[in-house]
Amino acid sequence: MTRSRPSSPFPFARSWRAPGRGRVVALAAVLVLLTGCGGGGGAAQEVAEAPIPEGLGEVTIAEDGVQEVTLQTQDDYVFTPDTFTVAPGPVRLTLVNVAEGMPHNLEFTDEELPEPIDAGISMLAAGEEKTIEFEVSTPGEYPFACTFHLQLGQVGTMTVSG
């Protein structure tokens with residue numbers, strides 16, 4: 001009695017395992033893609049090196065004495081800028097989502113914060129902006145993240161000077 005292998009739901013699955021020309025062609029295609037993405041100022045490099053738009057991340061003092069700062073998020077899983085520094089006192093943080101379709105949020109994430117911050121933005125649809133207010137008195141670093149995209153590295157840090 002001979003057994004036959006069950007057919008694969010993926011018709012090309014065997015060609016990846018088979019020795020010979022198919023494997024070499026696949027490897028060559030991967031190498032071409034990788035070398036095309038390396039060096040030379042590719043799009044990923046340009047995004048990382050793009051200047052921060054004027055005004056973003058700058059801490060200003062409003063007429064009511066509250067420190068104000070605006071951050072931006074977009075379709076690339078980053079906060080722009082991802083760091084800013086405030087002095088102890090009241091803070092008004094605005095998050096602007098300029099993404100074309102991706103929602104974001106902003107939550108202070110670390111349970112070991114120098115002091116708790118009970119403010120956050122639970123949902124920010126594309127094209128929206130929201131502002132939160134809170135007060136900080138303890139110097140240190142306060143990590144924050146978009147919890148929707150935490151595994152993709154969308155994180156930042158607010159530093160309270162001291």
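This is a short dialogue on reading a core, a buried charge and a strand in a predicted model.

Biologist: What should I know before I start?

Modeller: Residues are numbered from 1 along each chain as its sequence is written. Because the model is predicted, local features need pLDDT of at least 70 and side-chain atom pairs count only at pLDDT 80 or more, while totals for chains, interfaces and linings use all residues; side-chain values use heavy atoms, without hydrogens and water.

Biologist: Which residues have the most contacts inside the largest nonpolar core?

Modeller: In soluble globular proteins, nonpolar side chains tend to be buried together. A nonpolar core is a set of buried Ala, Val, Leu, Ile, Met, Phe, Trp, Tyr and Cys residues joined through side-chain atoms within 4.5 Å; buried means under 20% relative accessible area, exposed over 50%, partly exposed in between (1.4 Å probe, protein chains only). Here the largest core has 23 residues, and Leu106, Phe108, Phe134 and Met158 have the most contacts inside it.

Biologist: Is arginine 92 buried or exposed?

Modeller: Arginine 92 is buried, at 14% relative accessible area. Its side chain makes a polar contact of 2.7 Å with that of glutamate 68 (N or O atoms within 3.5 Å; within protein, one must be able to donate a hydrogen and the other to accept it, and residues adjacent in sequence count only if both atoms are side-chain atoms).

Biologist: Along β10, which side chains are buried?

Modeller: In a regular strand the side chains alternate between the two faces of the sheet. Strands are DSSP runs (E, at least two residues), numbered from the N terminus. In β10, Gly156, Met158 and Val160 point to one face and are buried, whereas Val155, Thr157 and Thr159 point to the other and are not.

Technical notes
Helix = DSSP H or I, 4+ residues; strand = E, 2+ residues; numbered from the N terminus.
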